[in-house]
Every structure is written in C-alpha cells, then in structure tokens.
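Q: I would like to learn how to read a structure feature by feature. Could you walk me through one?

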Amino acid sequence: MKKITFLLLSFVFIQFATAQKVYSTKAGQLVFDATGEAVKIVAVNNQVDSKFVETTGQIIFGVLIKSFRFENQLMEDHFNENYMESTKYPKADFKGYITNIKEVAFAKDGSYPIQVDGVLTLHGVSNKISVKGILSIQNGVPNIKGDFKIPIKQYAIKGSYIGDKIAETATVKLNCKY
Amino acid sequence: MKLHKSIHILFVLLFTKTISAQEVDLFAIKDEKVEDITTAAFKSSRVINGQSIENVGVGVLDFKILHRFGNINQGAYNLFGLDQASMRMGLDYGVNKRMMVGVGRSTFEKQFDGFVKYKIIQQQTGLREIPLSLSLASTIIYKSLKDDPAAAYLSYTSDKISFAHQLIMARKFNDYFTLQFTPTLVHYNLIANSTLPNDFKSLGISFRQRVSKRVNLTGEYFYRIDKLNGYNDPLTLGLDIETGGHVFQLHVTNATGMTERTFINETAGSWSNGDIRFGFNITRAFTLKKPKVLKNID
C-alpha cells in the first residue's frame, strides 16, 4: 500500500514539476490597415490562432489570409488574388519568443510590457521582426496586445498601387485573449 | 526493502528524464486543416450576359449598367453601330453568404426582370475537398411593351411573363482559369404559335482566363437544345478590366437582349454575317451593410 502511495505521489510530483503550461486561442483579433492616399483599406481577422508557453516564452501566431474581412468584397478579392496570392500562400505566421517572459507574474493581475522577437512569414517571405507589446493578466487569463508595421515590399508583394492608393507600410494591430 | 526503495527512486528519476525531454515545442506543431473556400472564380456576378457562379458580397448593393451598341456591320453611316443603344439598368444585392437578389429594366421590349441566385455547394479545399461550385438562379421576366391596339389578340399580363431557371456549375481550376456550365430552362407563358413548345432547354458554357492581374478574358456561349426558328446561338467574347473600385466589362456579341429569355433564345444576329456589336457592363458597388466584424473597429 505504502509503495503504491509513494509511486502515485511521485507521479503527481513529476507532473507538477515539469508540466509546461501552454496558453492558446483560436479567436485572436488582427486589424490590418493599409490605407493610402484616399480609400480606406482596413480588414479584420477574428480567427487568429496563437499559442505560447509560460515557462519558455515561446510564442506562435497563425492567420489564414482568406479570413480577412474587408468592407468591400472586391477589395477582399484583390487582396487575396492580386497582392497576397492566398491560393499559393494561404497562411501567414509568426514564430518567436517573448524574451522577457520571466518578468511576468502569471499568478496575479497586472500588466507587463513584453518584447517579442521572431520570424514573420508572409507571402512566402520570412523576415526577422522585433515587436513590443503588452501582456496583461486578469483572473489568470493572459491577454496580449501589440501593434507593428509591415513594410509591404519587404515581403515581395507587388502592385502599382502600393505607395499610392495603398500605403507602403501596413499597420497591424493584434489583440489575443488566451 | 532498501533495494525496493532504490528501485523506486531510479524509476522516478528515469521517468522525470523522459518527461522533461518532452518539452513543448510550438514551432514543431503541424498546421491543422482548415476550410478554404474558393473565391473569385469570376470577377463579376455576370460572366457577360449570363449569370456567373459568383454573388455580390453580403450587404453590397451593386448598380449595374449593361449597354449594347448596334450591329458593327451597319458601316460608317451608323458609326459601326455606336449610334444605337440597348441597355439594362439593374440593382443587385447580396442578402447573405449564399443568396443574392437583383432587379433590372431593359430598353428591349421594356422588360422588367427580377432574379434570385442561391449557392448550393461551394468549391473548397482543406477540411473538405469539393471540386466545384453549384448555384441555382431563377429569373422572372415581364415584357411591359404595350400591344398594338389593333392586334387580333390582346394579351393578358400573365402572357407577357417568362421564366428562366439555371443550374450553374463552375470550377476554378487555379487563379488563371475558370470553367462554367449552365444548363438552362426558359419557359414562355405565351408563345407565338401553338406548334411551338413553351419550354426551351439550352446549355451555356463560359470561361474566364486571366491575362494579367487586372485583365481577364471571358467567353460565353449558349447551345440551344430547343430552338426558335430564325434565331442563332449567342456567342460573346469579352475582357474584364479591374480598376480599384470596380470591374469594367467590354465585349463583342451577337446578342441584343440582356435577359436570359432574350439573349439565349432570341438572338437574331449571326457572327457569320457580321451581326456583332460592341457592349460594356459597368458596375458601382455600395456597401450598405458593413460586415459585423468591422463595426467595432475605430
């Protein structure tokens, strides 16, 4: 009997010691804005897939290009077909680390500035990016917010309207509740 | 007993090792399969004259002007047909993801028409593999042109109504090419003479071939299975030119009318005689209802 208890206890202990808590969401929000000179070019994606590991700070984001919603259907079609070529490159993703994850106390409510470094892959092109954001904890639920800029041409996205009707640098706002 | 304990400890140690070796690596996670609906098989909700597999966007009101000039073979006196015009003005609206409705008024026979188009099956990849899209379109056409008061038979209102039912089957093979088949049934409530049937079957074949990012070549042909004498199969070739806000469709055709009944079954012109005409469709889209997801953004 004692042996069994001991064995059970050790299992439990091992679980506690090594389990890596992974936070995840499939309903993060990303707002994309590439408004150029006149026409408003804004899209929303409410199906951002993201996961991060509490201990290591490893973090990933993934979005389907086709799930961006524009106000105008034609604009959405152009975005997919002419610029993002979503048939060829259906997904955009980010893989990186929250470099200062150790500063975040997950047990209590609070708000922490975070630094995220990693690789953004978009339109088949990967670039290293470094983004500042805010990780807030409320009732044990982390929420990551941040915005960053995407220089469109760095991702081999071409089109004569870029830099004119379409901004050269798109702004992306991210909001993920895990 | 002592030995047992040490075995336990060894066991525990071993176990710890294996577990901690299984560190979570998010980068190694494979992508899940997600639903990927094929979009933009055609650039407009009309291939040229006929319905395409596409609907206008949800909450979008599309104002369409379909314009056809006169026959080119009339020569320079009529400026190759440009002196004459036939047109259809229409409003299309995307009710939901699957359904669109539209109304129109043509100068030809002063026709009024209304239609409903419904997506039954959508081509998609990912979670499910569906190789083609299927839609149903039903049109009602009312000829409001007044009868000659001296005519032997004065028609009832119902006599002036005809219907067209179409099953639209399309496959977008890639970003460059789409092929569509459109089996069509046109029903006339009243037909000129009793030896003729009231129902006319036909098969439409349409395509879109991308030429450049903003220019697509389109074509549309209807093979009439049941024929009205003295008319020809309609054949239309066009270019879809996309500008930022809308699609401009330019084409040459032997069809005059722009409602299903008219252009499929009552195309008098023949390509071999040079009875072809220039035409264009212009559209202007107004977003009446913003997508819900966009409402909470600034």
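A: Gladly. Let us begin with a term we will need: a residue counts as buried when its relative accessible area is under 20%, as exposed when that area is over 50%, and as partly exposed in between. Keep in mind that this is a predicted model. As a first case, both B:Glu266 and B:Arg261 are buried, and their side chains meet in a salt bridge with an N to O distance of 2.9 Å.

Q: What is the general idea behind a salt bridge, and how many does the structure hold over all chains?

A: Side chains of opposite charge can pair when their charged atoms come close. Over all chains, the structure holds 19 salt bridges.

Q: Which side chain of chain B does A:Glu71 meet in a salt bridge?

A: The partner is B:Lys290, at 3.9 Å from N to O. This pair crosses between chains: A:Glu71 sits in the loop between strand E4 (69-70) and helix H2 (73-83) of chain A, while B:Lys290 belongs to the segment after strand E14 (277-287) of chain B. As for cover, A:Glu71 is partly exposed at 31% relative accessibility, and B:Lys290 is partly exposed at 31% as well.

Q: Why does the salt bridge of B:Lys43 and B:Glu242 tie together parts that are apart in sequence?

A: Start with the geometry: the side chains of B:Lys43 and B:Glu242 meet at 3.6 Å, N to O. B:Lys43 lies in the loop between strands E1 (36-37) and E2 (60-71) of chain B, and B:Glu242 in strand E12 (residues 235-242) of that chain, so the pair links parts 199 residues apart in sequence. B:Lys43 is buried, with a relative accessible area of 11%, and B:Glu242 is buried at 3%. Salt bridges with shared partners also place these two in one network with A:Glu81, B:Lys172, B:Asp175 and B:Arg210.

Q: Now a polar residue without a charge. Is B:Asn254 buried or exposed?

A: B:Asn254 is buried, with a relative accessible area of 1%. Its place is the loop between strand E13 (247-253) and helix H2 (260-265) of chain B. For a case like this, look at what the side chain can pair with. A polar atom of the B:Asn254 side chain lies 3.1 Å from the backbone oxygen of B:Asp233, and a polar contact of 3.4 Å joins the B:Asn254 side chain to that of B:Trp271. Leaving aside neighbours within four places in sequence, the contacts of B:Asn254 include B:Asn232, B:Pro234, B:Leu235, B:Asp275 and B:Ile276.

Q: B:Asn232 appears in that list. Where is B:Asn232 placed, and which backbone oxygen does its side chain reach?

A: B:Asn232 is in the loop between strands E11 (215-224) and E12 of chain B. With a relative accessible area of 26%, B:Asn232 is partly exposed. Its side chain reaches the backbone oxygen of B:Ala268 at 3.0 Å and the backbone oxygen of B:Gly269 at 3.0 Å. Beyond four places in sequence, the residues in contact with B:Asn232 include B:Arg224, B:Ile264 and B:Thr267. For a sense of distance along the chain, the C-alpha atoms of B:Asn232 and B:Arg210 are 22 residues apart in sequence and separated by 28 Å.

Q: How should I read the nonpolar side chains, and which residues have the most contacts inside the largest nonpolar core?

A: Look at the inside and then at the surface. The largest nonpolar core has 47 residues, and those with the most contacts inside it are A:Phe52, A:Ile59, A:Phe68 and A:Ile98. Apart from that core lies another of eight residues, among them B:Ala41, B:Ile48, B:Ile168 and B:Ala170. At the surface, B:Tyr118, B:Ile120, B:Ile121, B:Leu136 and B:Leu167 make a nonpolar patch of about 370 Å². Strand E5 (residues 111-121) of chain B gives the most to this patch, with three residues. B:Tyr118 is in strand E5 and is partly exposed, at 38% relative accessible area.

Q: To finish, how many helices and strands does chain A have?

A: Chain A has two helices and nine strands, in the order α-β-β-β-β-α-β-β-β-β-β along the sequence. Of its 178 residues, 48% are buried. Chain A has an accessible surface of about 9,200 Å², with 58% of it belonging to carbon and sulfur atoms.

How values were computed:
Residues numbered from 1 in each chain as written. Chains lettered and ligands numbered in written order. Predicted model: local features only at pLDDT ≥ 70, side-chain atom pairs only at ≥ 80, totals over all residues. Heavy atoms only, no water. Helix = DSSP H or I, 4+ residues; strand = E, 2+ residues; numbered from the N terminus. Buried < 20%, exposed > 50% of the residue type's maximum accessible area, 1.4 Å probe, protein only. Polar contact = N/O pair within 3.5 Å; in protein donor to acceptor, adjacent residues only side chain to side chain. Contact = heavy atoms within 4.5 Å. Areas by Shrake-Rupley, 256 points an atom, 1.4 Å probe, with all protein chains shown as cover. Salt bridge = Lys/Arg side-chain N within 4 Å of Asp/Glu carboxyl O. Patch = residues over 30% accessible without salt bridge, like charges linked within 9 Å, V, L, I, M, F, W, Y side chains within 5 Å. Core = buried A, V, L, I, M, F, W, Y, C linked by side-chain atoms within 4.5 Å.
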